[in-house]
Amino acid sequence: MSEQQQRPPRRPTAPDGFVVVDKPAGWTSHDVVGRVRRLAGTRKVGHAGTLDPMATGVLVVGIGRATRLLTYVVGADKAYDATIRLGVGTTTDDAEGEVVASPGFTGTADDDALRAALRDLTGDILQVPTTVSAIKVDGKRAYALARAGEQVELQARPVTVSAFDVLAARPADADGVPVLDLDVSVTVSSGTYVRALARDLGAALGSAGHLTALRRTRVGGHTLVQARTLEAMEAQADADGVLATIPLAQAAAADLPVRDLTADEARDLGFGRWVAPTGRPGTVAAVGPEGQLVALLEDTRRQGQPLAKPVLVVAPAQ
């Protein structure tokens, strides 16, 4: 049998839109994109915001023209449920790294020192990213340099931690070392490393810390309520004949304010023409009379006149 005969038939191409995947543990975000490409019958697939292999939860994936919307999702705030182990530090600030410090921790969730440390790590802070991040140093990824044994020094960056709440605490023993496992809920700006929060919380308490579990529960307006496992997506695509997606207009509305267009405005934007201002700051999703996403708009001025400029035309005029 030839290689071509062995390949499964290509699936029908899914409609342009988002799918919200509940990423399984052990998979990279790239692995998920590869699976969605096969399910969606197209290579035009991308994701908004990497999740580490250890992590699970919300991964927003764009298909077809929706990949052009992903840049507006990447910068959205994110929410996580996590477990932090106080008393042990690792090379990667999570459970996948090698232990590098085991000072132990005998405090409790009611300690004033812990409460103060949580307060200090909430709000607008400066955070040094974890060494095994994807940040580039002299053109190379920090994680690649670290795994090659090179010393990596990253600069602190401003991030926002909107919420950092302890949900539960459990004293435990880790190979003879007393530790405290904290189940926490955090809401952070784009670019914040929850692993680094675990590291810094341990350091602030005169000990060490790392993540033992991480689950992303929200990216912007996309939540676990919408998320499907890859198995559920495959079963749905098999049953219906094509992978179901969140339509472009609905996908954009989850993260952006919406401007309803007249038929004339929709036609003008389809040709790339400017229209009347939205009156709102930032990027706005422009939706036509039939519910279709036409363009993304931003208010500006031209020759002293306020207008809305199409920064992305999704449905060009035919």
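## A tour from α9 to α7

Select helix α9, residues 263-270, and pick out Glu 265 within it. Keep in mind as you click around that this is a predicted model. Is Glu 265 buried or exposed? It counts as buried, because its relative accessible area is 17% and the cut-off for buried is under 20%. Now show what surrounds this side chain. Skipping neighbours within four places in sequence, you'll find Glu 265 in contact with Arg 259, Asp 260 and Val 275.

**Zoom out for a moment**

Show the whole protein chain. You're looking at 9 helices and 17 strands, and the C-alpha atoms fill a box of roughly 70 × 70 × 40 Å along the principal axes. The chain has 318 residues, and 45% of them count as buried. If you switch on a surface, about 15,700 Å² is exposed, with carbon and sulfur atoms supplying 49% of that. Try colouring by charge too: there are 34 positive and 37 negative charges, and their mean positions sit 9 Å apart.

How much of the contact count comes from residues 24 or more positions apart? Among contacts with a separation of 6 or more, such pairs account for 68%.

**Next stop: helix α7**

Select residues 230-240, which make up α7. Colour Leu 230, Met 233, Gln 236 and Ala 237, which are buried. These residues lie on the same side of α7, because they cover an arc of only 125° around the axis. Swing round to the other side of the helix and you'll meet Glu 231 and Ala 239, both exposed.

So what covers the buried residues of α7? Bring up β1 (17-23) and α2 (29-40), which are included in that cover.

**Step off the end of the helix**

Click on Gly 241, just after α7, where phi is positive at about 90°. Then carry on into the loop that runs between α7 and α8 (248-253), and stop at Ala 244. This alanine is partly exposed, with a relative accessible area of 35%.

Which residues does Ala 244 touch, leaving aside those within four places in sequence? Select Val 19, Arg 228 and Gln 236 to see its contacts. You've already coloured Gln 236 as one of the buried residues of α7.

For a last look, draw a distance from the C-alpha of Ala 244 to that of Gly 17. The two residues are 227 apart along the chain, yet these atoms are separated by 8.7 Å.

Notes
Residues are numbered from 1 along each chain as its sequence is written. This is a predicted model: local features need pLDDT of at least 70, side-chain atom pairs count only at pLDDT 80 or more; totals for chains, interfaces and linings use all residues. Side-chain values use heavy atoms; hydrogens and water are left out. Helices (H or I, at least four residues) and strands (E, at least two) are DSSP runs, numbered from the N terminus. Buried means under 20% relative accessible area, exposed over 50%, partly exposed in between (1.4 Å probe, protein chains only). Contact means heavy atoms within 4.5 Å. Accessible areas come from the Shrake-Rupley method with a 1.4 Å probe; for residues, only the protein chains shown count as cover. Lys and Arg count as positive and Asp and Glu as negative; His and the chain ends are not counted. The place of a charge is taken as NZ of Lys, CZ of Arg, CG of Asp or CD of Glu. The arc is that of the directions from the helix axis to the C-beta atoms.
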